[in-house]
Amino acid sequence: MARPSGLAEIDELPEPDRLEGFPPPRLTERLYGQDLAERGFLQAFQSARLHHAWILTGAPGIGKATLAYRIARFLLASESERDMLGSSLEVGAETQASHLVAGLAHPELLVLRRPYDFKNKRLKTEITVDEVRRLKGFLGTSAGDGWRVVIVDPADELNTNAANALLKSLEEPPKRTVFLLLSSAPERLLPTIRSRCRTLSCAPLSPEDLRRAVAQALNAAGDEVSGSLPAGEEWETLQRLAEGSVRRLLLLHTSRGLALSRKIKGIIETLPKPDWAAIHALGDELGSAAAEARYELFFELLLGHLAHIIRAAATAETGTAEGRLADRLITQDQLAAWAQLWETLVADKADADALNLDRKALILLTFQRLVQASRGAAQA
(Lines give C-alpha, C1' and ligand atoms only; values in the text may rest on other atoms or scores of the structure.)
Protein backbone atom coordinates (compact mmCIF):
# COMPACT_ATOMS: atom_id res chain seq x y z
CA MET A 1 0.00 0.00 0.00
CA ALA A 2 1.34 3.45 -0.91
CA ARG A 3 2.37 5.68 1.96
CA PRO A 4 0.26 8.81 2.39
CA SER A 5 1.76 11.94 0.88
CA GLY A 6 4.06 13.68 3.32
CA LEU A 7 4.80 10.63 5.46
CA ALA A 8 8.32 10.27 4.12
CA GLU A 9 9.39 13.50 5.85
CA ILE A 10 7.92 12.48 9.19
CA ASP A 11 9.87 9.92 11.22
CA GLU A 12 7.12 9.52 13.78
CA LEU A 13 3.66 11.04 13.64
CA PRO A 14 2.68 13.08 16.71
CA GLU A 15 0.11 11.55 19.03
CA PRO A 16 -2.73 13.63 20.50
CA ASP A 17 -2.38 12.08 23.96
CA ARG A 18 1.39 12.34 24.22
CA LEU A 19 3.23 14.96 26.23
CA GLU A 20 6.39 15.78 24.32
CA GLY A 21 9.42 14.03 25.74
CA PHE A 22 7.41 11.50 27.76
CA PRO A 23 6.06 8.05 26.87
CA PRO A 24 2.40 7.96 25.73
CA PRO A 25 -0.24 6.51 28.09
CA ARG A 26 -0.18 3.09 26.43
CA LEU A 27 3.48 2.75 27.47
CA THR A 28 3.03 3.99 31.04
CA GLU A 29 4.22 1.19 33.27
CA ARG A 30 2.08 1.76 36.36
CA LEU A 31 -1.20 3.54 36.98
CA TYR A 32 -1.38 5.49 40.24
CA GLY A 33 -4.39 6.84 42.07
CA GLN A 34 -7.20 5.09 40.18
CA ASP A 35 -7.64 1.96 42.29
CA LEU A 36 -11.34 2.66 42.83
CA ALA A 37 -12.06 3.01 39.11
CA GLU A 38 -10.04 -0.11 38.36
CA ARG A 39 -11.93 -2.13 40.97
CA GLY A 40 -15.24 -0.88 39.57
CA PHE A 41 -14.44 -2.20 36.10
CA LEU A 42 -12.98 -5.45 37.42
CA GLN A 43 -16.10 -6.15 39.48
CA ALA A 44 -18.29 -5.55 36.44
CA PHE A 45 -16.14 -7.96 34.42
CA GLN A 46 -16.27 -10.63 37.10
CA SER A 47 -20.05 -10.33 37.31
CA ALA A 48 -20.24 -11.78 33.76
CA ARG A 49 -22.53 -8.88 32.81
CA LEU A 50 -19.93 -6.47 31.47
CA HIS A 51 -21.56 -3.42 29.91
CA HIS A 52 -20.54 -2.73 26.33
CA ALA A 53 -19.74 1.00 26.66
CA TRP A 54 -18.00 3.06 29.33
CA ILE A 55 -17.21 6.75 29.72
CA LEU A 56 -13.99 7.25 31.67
CA THR A 57 -14.40 10.69 33.22
CA GLY A 58 -12.18 13.06 35.15
CA ALA A 59 -9.91 16.05 34.77
CA PRO A 60 -7.22 16.04 32.06
CA GLY A 61 -3.95 14.32 32.91
CA ILE A 62 -5.04 12.13 35.81
CA GLY A 63 -4.72 8.75 34.08
CA LYS A 64 -7.89 8.11 32.06
CA ALA A 65 -5.98 7.06 28.94
CA THR A 66 -3.54 4.96 30.97
CA LEU A 67 -6.53 3.21 32.57
CA ALA A 68 -8.15 2.67 29.15
CA TYR A 69 -5.06 0.92 27.79
CA ARG A 70 -4.79 -1.06 31.01
CA ILE A 71 -8.37 -2.27 30.51
CA ALA A 72 -7.64 -3.04 26.86
CA ARG A 73 -4.60 -5.17 27.75
CA PHE A 74 -6.67 -7.02 30.33
CA LEU A 75 -9.56 -7.79 27.98
CA LEU A 76 -7.30 -8.77 25.08
CA ALA A 77 -4.99 -10.95 27.17
CA SER A 78 -5.41 -14.67 27.57
CA GLU A 79 -6.47 -15.98 30.98
CA SER A 80 -2.91 -17.14 31.64
CA GLU A 81 -1.61 -13.61 31.04
CA ARG A 82 -3.93 -12.00 33.60
CA ASP A 83 -3.55 -11.65 37.36
CA MET A 84 -3.93 -15.20 38.69
CA LEU A 85 -5.74 -13.98 41.82
CA GLY A 86 -8.22 -11.91 39.82
CA SER A 87 -7.62 -8.90 42.08
CA SER A 88 -6.36 -6.41 39.50
CA LEU A 89 -6.21 -5.57 35.80
CA GLU A 90 -2.51 -6.33 35.79
CA VAL A 91 -1.06 -7.94 32.66
CA GLY A 92 2.66 -8.64 32.47
CA ALA A 93 4.75 -6.31 30.33
CA GLU A 94 6.34 -9.27 28.51
CA THR A 95 3.06 -10.83 27.41
CA GLN A 96 1.91 -10.86 23.81
CA ALA A 97 -1.13 -8.74 24.66
CA SER A 98 1.05 -6.03 26.22
CA HIS A 99 3.45 -5.94 23.29
CA LEU A 100 0.65 -5.70 20.71
CA VAL A 101 -1.26 -3.01 22.61
CA ALA A 102 1.94 -1.02 23.18
CA GLY A 103 2.52 -0.97 19.43
CA LEU A 104 -1.16 -0.33 18.60
CA ALA A 105 -0.85 -3.52 16.59
CA HIS A 106 -3.45 -5.75 18.23
CA PRO A 107 -6.02 -6.79 15.60
CA GLU A 108 -8.86 -6.53 18.13
CA LEU A 109 -8.01 -3.01 19.30
CA LEU A 110 -9.12 0.18 17.52
CA VAL A 111 -8.11 3.62 18.79
CA LEU A 112 -10.08 6.60 17.46
CA ARG A 113 -8.42 9.98 17.96
CA ARG A 114 -7.58 13.15 16.06
CA PRO A 115 -5.94 12.11 12.78
CA TYR A 116 -2.85 13.69 11.29
CA ASP A 117 -3.39 16.33 8.61
CA PHE A 118 -0.65 15.59 6.05
CA LYS A 119 -1.42 18.71 4.02
CA ASN A 120 -0.92 21.13 6.92
CA LYS A 121 1.53 18.84 8.75
CA ARG A 122 -0.24 18.93 12.08
CA LEU A 123 -2.89 17.06 14.00
CA LYS A 124 -6.45 17.91 13.12
CA THR A 125 -8.39 19.77 15.79
CA GLU A 126 -11.20 17.21 16.07
CA ILE A 127 -12.02 13.55 15.56
CA THR A 128 -13.57 13.39 12.12
CA VAL A 129 -16.38 11.24 10.78
CA ASP A 130 -13.91 9.49 8.45
CA GLU A 131 -11.97 8.37 11.52
CA VAL A 132 -15.11 6.94 13.12
CA ARG A 133 -16.09 5.19 9.89
CA ARG A 134 -13.14 2.88 10.49
CA LEU A 135 -15.47 1.19 12.98
CA LYS A 136 -17.46 -0.40 10.15
CA GLY A 137 -14.56 -2.50 8.92
CA PHE A 138 -13.28 -3.20 12.43
CA LEU A 139 -16.63 -4.38 13.78
CA GLY A 140 -17.52 -6.19 10.58
CA THR A 141 -14.95 -8.92 11.16
CA SER A 142 -15.35 -11.81 13.57
CA ALA A 143 -13.53 -11.60 16.89
CA GLY A 144 -13.97 -15.30 17.60
CA ASP A 145 -14.26 -16.07 21.31
CA GLY A 146 -12.19 -13.09 22.42
CA TRP A 147 -12.93 -9.46 23.15
CA ARG A 148 -12.70 -6.42 20.94
CA VAL A 149 -11.89 -2.98 22.35
CA VAL A 150 -12.55 0.48 20.92
CA ILE A 151 -10.90 3.47 22.62
CA VAL A 152 -12.11 7.00 21.78
CA ASP A 153 -9.49 9.42 23.06
CA PRO A 154 -11.04 11.78 23.92
CA ALA A 155 -14.72 11.63 23.02
CA ASP A 156 -14.85 15.38 23.76
CA GLU A 157 -13.11 15.96 20.41
CA LEU A 158 -15.67 14.17 18.24
CA ASN A 159 -17.27 16.56 15.78
CA THR A 160 -21.04 16.37 15.33
CA ASN A 161 -20.99 13.95 12.40
CA ALA A 162 -18.42 11.75 14.10
CA ALA A 163 -20.46 11.64 17.30
CA ASN A 164 -23.56 10.58 15.40
CA ALA A 165 -21.61 7.91 13.54
CA LEU A 166 -20.26 6.55 16.84
CA LEU A 167 -23.78 6.53 18.28
CA LYS A 168 -24.91 4.07 15.62
CA SER A 169 -22.28 1.57 16.74
CA LEU A 170 -23.15 2.10 20.40
CA GLU A 171 -26.82 1.42 19.67
CA GLU A 172 -26.13 -1.96 18.04
CA PRO A 173 -22.83 -3.23 19.43
CA PRO A 174 -21.48 -6.62 18.41
CA LYS A 175 -21.07 -9.19 21.15
CA ARG A 176 -17.93 -9.10 23.27
CA THR A 177 -17.06 -5.57 22.17
CA VAL A 178 -16.22 -2.88 24.72
CA PHE A 179 -16.14 0.85 23.98
CA LEU A 180 -14.01 3.07 26.22
CA LEU A 181 -14.80 6.77 25.75
CA LEU A 182 -12.46 9.20 27.52
CA SER A 183 -13.99 12.51 28.55
CA SER A 184 -13.05 15.47 30.71
CA ALA A 185 -16.43 17.10 30.05
CA PRO A 186 -19.04 14.31 29.73
CA GLU A 187 -21.90 16.81 30.03
CA ARG A 188 -20.94 18.07 26.58
CA LEU A 189 -21.33 14.67 24.94
CA LEU A 190 -24.55 13.82 23.15
CA PRO A 191 -27.18 12.76 25.74
CA THR A 192 -27.89 9.73 23.56
CA ILE A 193 -24.23 8.68 23.82
CA ARG A 194 -24.18 9.19 27.60
CA SER A 195 -27.37 7.17 28.02
CA ARG A 196 -25.76 4.13 26.38
CA CYS A 197 -22.64 4.19 28.56
CA ARG A 198 -21.77 3.43 32.13
CA THR A 199 -19.56 5.97 33.87
CA LEU A 200 -16.20 5.10 35.37
CA SER A 201 -15.03 8.10 37.37
CA CYS A 202 -11.33 8.84 37.77
CA ALA A 203 -10.19 11.11 40.59
CA PRO A 204 -7.41 13.71 40.88
CA LEU A 205 -4.33 12.08 42.37
CA SER A 206 -3.47 12.41 46.04
CA PRO A 207 -0.17 14.17 46.83
CA GLU A 208 1.63 10.85 47.37
CA ASP A 209 0.24 9.21 44.22
CA LEU A 210 1.05 12.37 42.27
CA ARG A 211 4.65 12.24 43.49
CA ARG A 212 4.98 8.59 42.47
CA ALA A 213 3.42 9.14 39.05
CA VAL A 214 5.61 12.17 38.33
CA ALA A 215 8.74 10.29 39.42
CA GLN A 216 7.81 7.42 37.09
CA ALA A 217 7.29 9.82 34.17
CA LEU A 218 10.58 11.63 34.76
CA ASN A 219 12.47 8.33 34.98
CA ALA A 220 10.94 7.22 31.66
CA ALA A 221 11.39 10.57 29.90
CA GLY A 222 13.74 11.30 27.07
CA ASP A 223 17.06 12.98 27.65
CA GLU A 224 15.69 16.41 26.74
CA VAL A 225 13.30 16.53 29.72
CA SER A 226 14.56 13.93 32.20
CA GLY A 227 15.59 15.26 35.57
CA SER A 228 15.17 14.93 39.29
CA LEU A 229 11.88 15.23 41.10
CA PRO A 230 11.22 18.81 42.27
CA ALA A 231 11.53 19.28 46.01
CA GLY A 232 10.73 21.68 48.81
CA GLU A 233 8.81 24.86 48.07
CA GLU A 234 8.99 24.27 44.32
CA TRP A 235 7.25 20.91 44.69
CA GLU A 236 4.58 22.37 46.98
CA THR A 237 3.79 25.10 44.46
CA LEU A 238 3.75 22.68 41.52
CA GLN A 239 1.54 20.27 43.44
CA ARG A 240 -0.96 23.01 44.31
CA LEU A 241 -1.17 24.28 40.73
CA ALA A 242 -1.39 20.76 39.27
CA GLU A 243 -4.56 19.96 41.24
CA GLY A 244 -3.93 16.23 41.09
CA SER A 245 -3.00 16.12 37.38
CA VAL A 246 0.25 14.39 36.44
CA ARG A 247 0.20 15.94 32.98
CA ARG A 248 -0.23 19.47 34.28
CA LEU A 249 2.55 19.10 36.84
CA LEU A 250 4.94 17.79 34.18
CA LEU A 251 4.00 20.68 31.88
CA LEU A 252 4.54 23.17 34.69
CA HIS A 253 7.90 21.61 35.52
CA THR A 254 9.24 21.35 31.96
CA SER A 255 7.69 24.44 30.34
CA ARG A 256 8.62 27.19 32.81
CA GLY A 257 5.11 26.92 34.14
CA LEU A 258 5.69 28.60 37.49
CA ALA A 259 6.87 31.78 35.78
CA LEU A 260 3.87 31.64 33.43
CA SER A 261 1.51 31.21 36.38
CA ARG A 262 3.00 34.26 38.10
CA LYS A 263 2.53 36.34 34.93
CA ILE A 264 -1.12 35.32 34.66
CA LYS A 265 -1.79 35.98 38.32
CA GLY A 266 -0.04 39.36 38.10
CA ILE A 267 -2.20 40.48 35.18
CA ILE A 268 -5.43 39.32 36.85
CA GLU A 269 -4.50 41.21 40.02
CA THR A 270 -4.32 44.48 38.02
CA LEU A 271 -7.82 44.17 36.54
CA PRO A 272 -9.66 46.23 35.39
CA LYS A 273 -6.57 48.23 34.37
CA PRO A 274 -3.98 45.65 33.32
CA ASP A 275 -0.58 46.32 31.81
CA TRP A 276 -1.39 45.93 28.11
CA ALA A 277 2.29 46.00 27.20
CA ALA A 278 2.79 42.90 29.36
CA ILE A 279 -0.23 41.25 27.73
CA HIS A 280 1.08 41.97 24.23
CA ALA A 281 4.48 40.59 25.25
CA LEU A 282 2.78 37.44 26.54
CA GLY A 283 0.85 37.12 23.28
CA ASP A 284 4.08 37.40 21.30
CA GLU A 285 5.72 34.78 23.53
CA LEU A 286 2.90 32.25 23.21
CA GLY A 287 1.81 32.96 19.66
CA SER A 288 4.42 30.94 17.80
CA ALA A 289 4.01 27.30 16.81
CA ALA A 290 7.11 26.44 18.85
CA ALA A 291 5.32 27.58 22.03
CA GLU A 292 2.35 25.24 21.67
CA ALA A 293 2.87 23.47 25.02
CA ARG A 294 3.12 26.78 26.89
CA TYR A 295 0.13 28.17 24.97
CA GLU A 296 -2.00 25.21 26.08
CA LEU A 297 -0.68 25.52 29.62
CA PHE A 298 -1.49 29.25 29.62
CA PHE A 299 -5.19 28.55 29.10
CA GLU A 300 -5.22 25.73 31.64
CA LEU A 301 -3.69 28.00 34.26
CA LEU A 302 -5.82 31.03 33.37
CA LEU A 303 -9.06 29.05 33.50
CA GLY A 304 -7.92 27.45 36.74
CA HIS A 305 -7.20 30.85 38.35
CA LEU A 306 -10.59 32.16 37.23
CA ALA A 307 -12.41 29.06 38.49
CA HIS A 308 -10.89 29.53 41.95
CA ILE A 309 -11.83 33.23 42.02
CA ILE A 310 -15.42 32.52 40.90
CA ARG A 311 -15.71 29.74 43.48
CA ALA A 312 -14.40 32.08 46.18
CA ALA A 313 -17.02 34.66 45.21
CA ALA A 314 -19.79 32.06 45.28
CA THR A 315 -18.83 30.87 48.78
CA ALA A 316 -18.01 34.35 50.13
CA GLU A 317 -14.53 33.07 50.90
CA THR A 318 -12.29 35.44 52.84
CA GLY A 319 -8.72 35.34 54.03
CA THR A 320 -7.20 33.94 50.82
CA ALA A 321 -5.71 35.62 47.77
CA GLU A 322 -8.56 34.29 45.63
CA GLY A 323 -11.10 35.53 48.15
CA ARG A 324 -9.65 39.02 48.14
CA LEU A 325 -9.62 39.09 44.34
CA ALA A 326 -13.19 37.81 44.23
CA ASP A 327 -14.30 40.51 46.65
CA ARG A 328 -12.78 43.17 44.42
CA LEU A 329 -13.71 41.81 40.99
CA ILE A 330 -17.09 40.07 41.38
CA THR A 331 -20.27 41.26 43.04
CA GLN A 332 -22.92 38.69 43.98
CA ASP A 333 -25.12 40.01 41.17
CA GLN A 334 -22.34 39.24 38.69
CA LEU A 335 -21.67 35.62 39.66
CA ALA A 336 -23.74 34.14 36.85
CA ALA A 337 -22.12 36.47 34.32
CA TRP A 338 -18.61 35.44 35.43
CA ALA A 339 -19.55 31.76 35.25
CA GLN A 340 -20.81 32.38 31.72
CA LEU A 341 -17.58 34.25 30.95
CA TRP A 342 -15.59 31.15 31.91
CA GLU A 343 -17.67 29.10 29.45
CA THR A 344 -17.19 31.78 26.78
CA LEU A 345 -13.40 31.67 27.15
CA VAL A 346 -13.47 27.88 26.78
CA ALA A 347 -15.58 28.23 23.62
CA ASP A 348 -13.30 30.97 22.24
CA LYS A 349 -10.30 28.67 22.69
CA ALA A 350 -12.06 25.74 21.00
CA ASP A 351 -13.13 27.89 18.06
CA ALA A 352 -9.65 29.35 17.63
CA ASP A 353 -8.12 25.87 17.63
CA ALA A 354 -10.66 24.50 15.17
CA LEU A 355 -10.18 27.40 12.74
CA ASN A 356 -6.43 27.74 13.34
CA LEU A 357 -6.86 31.40 14.29
CA ASP A 358 -4.09 33.72 15.45
CA ARG A 359 -3.09 32.81 19.00
CA LYS A 360 -1.98 36.25 20.04
CA ALA A 361 -5.32 37.68 18.90
CA LEU A 362 -7.09 35.10 21.08
CA ILE A 363 -4.99 36.03 24.11
CA LEU A 364 -5.75 39.71 23.61
CA LEU A 365 -9.47 38.95 23.22
CA THR A 366 -9.38 36.88 26.41
CA PHE A 367 -8.03 39.74 28.48
CA GLN A 368 -10.38 42.22 26.81
CA ARG A 369 -13.29 40.07 28.01
CA LEU A 370 -11.83 39.97 31.53
CA VAL A 371 -11.35 43.74 31.59
CA GLN A 372 -14.93 44.29 30.50
CA ALA A 373 -16.28 41.91 33.14
CA SER A 374 -14.17 43.41 35.95
CA ARG A 375 -15.28 46.94 35.11
CA GLY A 376 -18.77 45.95 36.21
CA ALA A 377 -17.60 45.44 39.78
CA ALA A 378 -15.58 48.66 39.72
CA GLN A 379 -18.66 50.61 38.69
CA ALA A 380 -20.99 48.88 41.17
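Me: Hi! How far is the sulfur of Cys197 from the closest cysteine sulfur, and what does that say about a bond?

Reply: In this predicted model, the closest cysteine sulfur to that of Cys197 belongs to Cys202, 14 Å away. A disulfide needs the two sulfur atoms within 2.5 Å, so 14 Å is too far for a bond.

Me: What about the sulfur of Cys202, and which cysteine has the sulfur closest to it?

Reply: For Cys202 the closest cysteine sulfur is in Cys197, at 14 Å, so this is again too far for a bond.

Me: How many disulfides does a search of the whole structure find?

Reply: Zero disulfides turn up in the whole structure.

Me: How do you know whether Cys197 is buried or exposed?

Reply: Set its value against the cut-off: buried means under 20% relative accessible area. Cys197 has 11% relative accessibility, so Cys197 counts as buried.

Me: And is Cys202 buried or exposed?

Reply: Cys202 has 8% relative accessibility, so Cys202 counts as buried too.

Me: Now to a loop residue. Where is Lys119, and is Lys119 buried or exposed?

Reply: Lys119 sits in the loop between strand 3 (116–117) and strand 4 (122–123). Exposed means over 50%, and Lys119 has a relative accessible area of 77%, so Lys119 is exposed. Counting C-alpha to C-alpha, Lys119 lies 27 Å from Arg26, and the two are 93 residues apart in sequence.

Me: What about Ala48: is this residue buried or exposed?

Reply: Ala48 has a relative accessible area of 69%; the cut-off for exposed is over 50%, so Ala48 is exposed. You will find Ala48 in the loop between helix 1 (35–46) and strand 1 (53–57). Its C-alpha atom is separated by 16 Å from that of Ser88, which is 40 residues apart from Ala48 along the chain.

Me: Let us turn to helices. At roughly what angle do the axes of helix 13 and helix 14 cross, and what is helix 13 called relative to helix 14?

Reply: Helix 13 (residues 292–314) and helix 14 (residues 321–329) have axes that come within 8 Å and cross at roughly 75°. Angles of 65 to 115 degrees count as roughly perpendicular, so helix 13 is roughly perpendicular to helix 14. His308, Ile309, Ala312 and Ala313 of helix 13 make the contact with Glu322, Gly323, Leu325 and Ala326 of helix 14. These residues divide into five nonpolar, two polar and one charged.

Me: How do you name the way helix 8 and helix 10 lie to each other?

Reply: The axes of helix 8 (residues 207–220) and helix 10 (residues 246–254) come within 10 Å and cross at roughly 55°. Angles under 35 degrees count as roughly parallel and 65 to 115 as roughly perpendicular, while 55° is outside both ranges. Helix 8 and helix 10 are therefore called oblique to each other. The crossing of helix 8 with helix 10 is right-handed. In this contact, Leu210, Ala213, Val214, Ala217 and Leu218 of helix 8 meet Val246, Leu249, Leu250 and His253 of helix 10. By class there are eight nonpolar residues, one polar and no charged.

Me: And what is helix 11 called relative to helix 13?

Reply: The axes of helix 11 (residues 257–269) and helix 13 come within 10 Å, crossing at roughly 45°. That angle makes helix 11 oblique to helix 13. Their crossing is right-handed. Among the residues that meet are Leu260 and Ile264 in helix 11 and Leu297 and Phe298 in helix 13. The contact has nine nonpolar, three polar and two charged residues.

Note on methods. Residues numbered from 1 in each chain as written. Predicted model: local features only at pLDDT ≥ 70, side-chain atom pairs only at ≥ 80, totals over all residues. Heavy atoms only, no water. Buried < 20%, exposed > 50% of the residue type's maximum accessible area, 1.4 Å probe, protein only. Axes fitted to C-alpha atoms, helices over the stretch in contact; angles between N-to-C directions. Helix = DSSP H or I, 4+ residues; strand = E, 2+ residues; numbered from the N terminus. Parallel < 35°, antiparallel > 145°, perpendicular 65-115°, else oblique. Contact = heavy atoms within 4.5 Å. Nonpolar A, V, L, I, M, F, W, Y, C, P; charged D, E, K, R; others polar. Left-handed = near helix turned anticlockwise from the far one by under 90°.
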